[in-house]
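The following exercises are to be worked through with the sequence and the structure at hand. Each task is followed by a stepwise solution.

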Amino acid sequence: MALARARAVAVLGVEGHLVEVEADLADGLPRLTLIGLPDTALHESRDRIRAAVVNSGHKWPDRRITLGLFPATLPKAGSGFDLAMAVAVLSAAAVVPPESLLRRVFIGELALDGRVRAVRGVLPAVLKAAAAGVERVVVPAANAAEAALVPGARVEPAIDLAGVLSVLRGEAAAPEVTAPPPTAPTPAEVPGLDLADVAGQTRGRLAVEVAAAGGHHLFMQGPPGSGKTMLADRLPGLLPMLDTDASLEVTAVHSVAGLLPSNAPLVTRPPYRSPHHSATPAALIGSGSAVIRPGLASQAHRGILFLDEAPEFNRQSLDALRQPLESGTIEVARARATARFPARFQLVLAANPCPCAKARGPRGTGCECPSLVRRRYLARLSGPLLDRIDIQVALSA
Ligand SMILES: [Zn+2]
């Protein structure tokens, strides 16, 4: 009998939890058993790690193999445990020395040919590993720049399983992390929109400036063409860059959502999300069964959530925003787990005064709907939602 241990990290919401991966090799009919609440993806990883080991030039042990992931009560999902499972098996089979696994955590999905594939949630995983005092983190090469954002983390980028095994056997040094300086904002993040582009509309510009300065929620009402969207689009450009802590918080959400570019992973500008009015509650607050992903409200954390034509959103979607507006967090509960995401965003609502989307004009040229229709339309924005909005401004055409 041979036993080996490796460590990995499970990410629930935006929080990492250390996972102990144990591999036990015993005599008996060759087979692989997984224990510790694995989901379907983990069962598939059985075939992936076996193929990856063989295609990396190593023999798959013809023994009765038991792989356990602990604590068993912690929900584990996704493919990020492949690498830890493979090195645990190979350590139990005496391919790599057990002490080489002690001071490391292993994060990554294995392709059948042995390449290590990028996974989501590397930043929160490495934050956890560093906080727990783990010396080195082995992560997919594509996630290495993201992992290196964590102060004090010693990152070992993994290109393929064979490369990881050479490092563990002391035959090669780990590759360096090659990435541009993480503080440079990507071109897409540099605000290019300026309030100076908005002609007239002094009231609207003042409202946007006050909202930006004080972090207030904002409701703009006005006929089509009055510049509501133009004004909202320019609000992020007025906000200051995120400080270090806020950057890491926002980057962690984007990491779990799978939205980080691998070359410039740090989010330094306040994010801006503008969902269509057909957005479902799940799209806004987060969804998923095995792995729970943050929705648009969380992706707008420390930035702007803009709902254009707000009365057109369905009631459930608008009501779903009440929890984050009250608490700054969103909880998504599933059968086996509850994920918590930060969602402290600035809400900007825009609405036409009437469902016909025309301005009141001279007789026969504009909206002639009865005032009851107009009142009912705006009443779709429920009281509890509008009560939280400090600045409400009516724009003229
Ligand atoms: Zn009308």
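**Exercise 1.** Which elements of the protein chain have the lowest and the highest mean pLDDT?

*Solution.* The model is predicted, and the mean pLDDT of its protein chain is 89, with 94% of the residues at 70 or more. Among the elements, helix α15 (residues 383-386) has the lowest mean, 81, and strand β5 (residues 104-106) has the highest, 98. Over residues 184-190, pLDDT stays under 50. Where pLDDT is low, the predicted coordinates should not be read in detail.

**Exercise 2.** Determine the strand order of the open sheet of 5 strands, and identify its edges.

*Solution.* The order is β11-β14-β17-β10-β18, and the pairing is parallel. β11 (272-273) and β18 (391-394) each have a single partner strand, so one side of each is left without a neighbour in the sheet. Within the sheet, β10 (residues 218-221) is joined to β17 (residues 346-351) by 4 bridges, and phenylalanine 219 stands opposite leucine 349 in β17. Helix α7 (residues 202-214) lies across β10, β17 and β18, at about 170° to β18.

**Exercise 3.** Examine helix α9 (residues 244-257): compare its expected span with the distance between its end C-alpha atoms, then assess its burial.

*Solution.* At 1.5 Å a residue, the 14 residues should span 20 Å; the end C-alpha atoms are 20 Å apart, which agrees. Buried means under 20% relative accessible area. By this criterion 11 of the 14 residues of α9 are buried, so the helix is largely enclosed by the rest of the structure. Among them are Leu248, Val250 and His254. At the start of α9, a side-chain oxygen of aspartate 243 comes within 3.3 Å of the backbone nitrogen of aspartate 245. Glycine 258, with a positive phi near 75°, follows the helix.

Conventions: Residues numbered from 1 in each chain as written. Predicted model: local features only at pLDDT ≥ 70, side-chain atom pairs only at ≥ 80, totals over all residues. Heavy atoms only, no water. Pairing = 2+ DSSP bridges. Helix = DSSP H or I, 4+ residues; strand = E, 2+ residues; numbered from the N terminus. Contact = heavy atoms within 4.5 Å. Axes fitted to C-alpha atoms, helices over the stretch in contact; angles between N-to-C directions. pLDDT = per-residue confidence, 0-100. Expected span 1.5 Å × (residues − 1). Buried < 20%, exposed > 50% of the residue type's maximum accessible area, 1.4 Å probe, protein only. Polar contact = N/O pair within 3.5 Å; in protein donor to acceptor, adjacent residues only side chain to side chain.
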